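Please give a short report on the fold and on selected residues of this model. Running text is preferred, with one small table.

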Amino acid sequence: MNSELLAIIKSKCPNLVIFVPQTDEFLPEIITEIGKYSSTLAYYFDDVWRIQYSLHWANYFKYVTTSEFTGLDKYFKAGLSNAIYSPFACNVAFYKKIKCKKIYDVTFIGGYNPYREWYINYLKRKGIDIHVWGNGWGNGTFKFKRNGRDF
């Protein structure tokens, strides 16, 4: 896959190649070579709890993203200046307040990981009534109806 990706980049020469690295699917030497033909960006979704992994791989990309509000400091302290703050957000034109009965004060829907568990327990200790759903939490998945369909 790495050599095929490199061949495509060499032939097309895009301005930017965006990677979403998860484990070891990309070879460092291939990323370095791709960087000779295009700018490279690693889009991290989880550098909050995998910062050592993200810092290691950040050396191979022209740019990396962090969604953590203290993320830029972590990259800077590690001697890296290629991080871009890219917090998660939503489209406020699409996701807007609707009139419906309130069931929960706070909800979190997403898979379990230790950082999320720490944060949710922190909120609970502060007296916030939070309910969680997703793989690994023991509550199953969150289900809701919209326009008569189950989700």
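The report below covers a sheet, a helix, a surface patch, salt bridges and a few single residues.

This is a predicted model, in which local features need pLDDT of at least 70, side-chain atom pairs count only at pLDDT 80 or more, and totals for chains, interfaces and linings use all residues. Residues are numbered from 1 along each chain as its sequence is written, and side-chain values use heavy atoms, with hydrogens and water left out.

**Sheet**

Helices (H or I, at least four residues) and strands (E, at least two) are DSSP runs, numbered from the N terminus. Two strands count as paired if DSSP finds at least two bridges between them. In general, strands of a sheet pair through backbone hydrogen bonds, either parallel or antiparallel.

Four strands form an open sheet in the order β1-β2-β3-β4, with parallel pairing. Its edge strands, each pairing on one side only, are β1 (16–19) and β4 (83–85). On average, neighbouring strands of this sheet are turned by 25° against each other, direction ignored. For this angle, axes are lines fitted to C-alpha atoms (for helices over the stretch in contact), and angles run from 0 to 180 degrees between N-to-C directions. Three bridges in the parallel sense join β3 (residues 63–66) to β4. Within that pairing, T65 stands opposite I84 of β4.

**Helix α3**

Burial is graded by relative accessible area: buried is under 20%, exposed is over 50%, and partly exposed is in between (1.4 Å probe, protein chains only). Helix α3 (residues 51–58) is mostly covered, with six of its eight residues buried. The buried residues of α3 are I51, Y53, S54, L55, W57 and A58. Their cover includes α2 (28–34), β3 and α4 (71–77), where contact means heavy atoms within 4.5 Å.

**Nonpolar patch**

Patches are made of residues with over 30% relative accessible area and no salt bridge; like charges are joined within 9 Å, and nonpolar side chains (Val, Leu, Ile, Met, Phe, Trp, Tyr) within 5 Å. Accessible areas come from the Shrake-Rupley method with a 1.4 Å probe, and for residues only the protein chains shown count as cover. L16, I18, V20, F45, Y63, I84 and F88 make a nonpolar surface patch of about 630 Å². Of these patch members, I18 is found in strand β1. I18 counts as exposed because its relative accessibility is 54%.

**Salt bridges**

A salt bridge is a side-chain nitrogen of Lys or Arg within 4 Å of a carboxyl oxygen of Asp or Glu. By this rule the count comes to four salt bridges. The table gives some of them.

| Pair | Closest N and O atoms |
|---|---|
| K36 and E33 | 3.0 Å |
| R50 and D46 | 3.2 Å |
| E68 and K74 | 3.0 Å |

The partners vary in burial. K36 is exposed, with a relative accessible area of 60%. E68 is buried at 10% relative accessible area, whereas its partner K74 is partly exposed at 30%. In the remaining pair of the table, R50 and D46 are both buried.

R50 lies in the loop between β2 (39–42) and α3. Because its relative accessibility is 18%, R50 counts as buried. Leaving aside neighbours within four places in sequence, R50 is in contact with P21 and Q22.

**W133 and G110**

W133 is found in strand β6 (residues 130–133) and is buried, with a relative accessible area of 11%. Apart from neighbours within four places in sequence, W133 is in contact with Y104, T107, F108, I109, G110, N139, G140, T141 and F142. W133 and S81 are 52 residues apart along the chain, and their C-alpha atoms are separated by 36 Å.

G110, one of the contacts of W133, has its place in the loop between β5 (106–109) and α5 (114–125). G110 is buried as well, with a relative accessible area of 16%. Not counting residues up to four places away in sequence, G110 touches R116, W133, G134, N135 and W137. The C-alpha atoms of G110 and M1 are separated by 29 Å, with the two positions 109 residues apart along the chain counted as their distance apart.

**C13**

Which residue has a positive phi although it is not a glycine? C13 does, with a phi of about 45°. C13 lies in the loop between α1 (2–12) and β1 and is partly exposed, with a relative accessible area of 40%.
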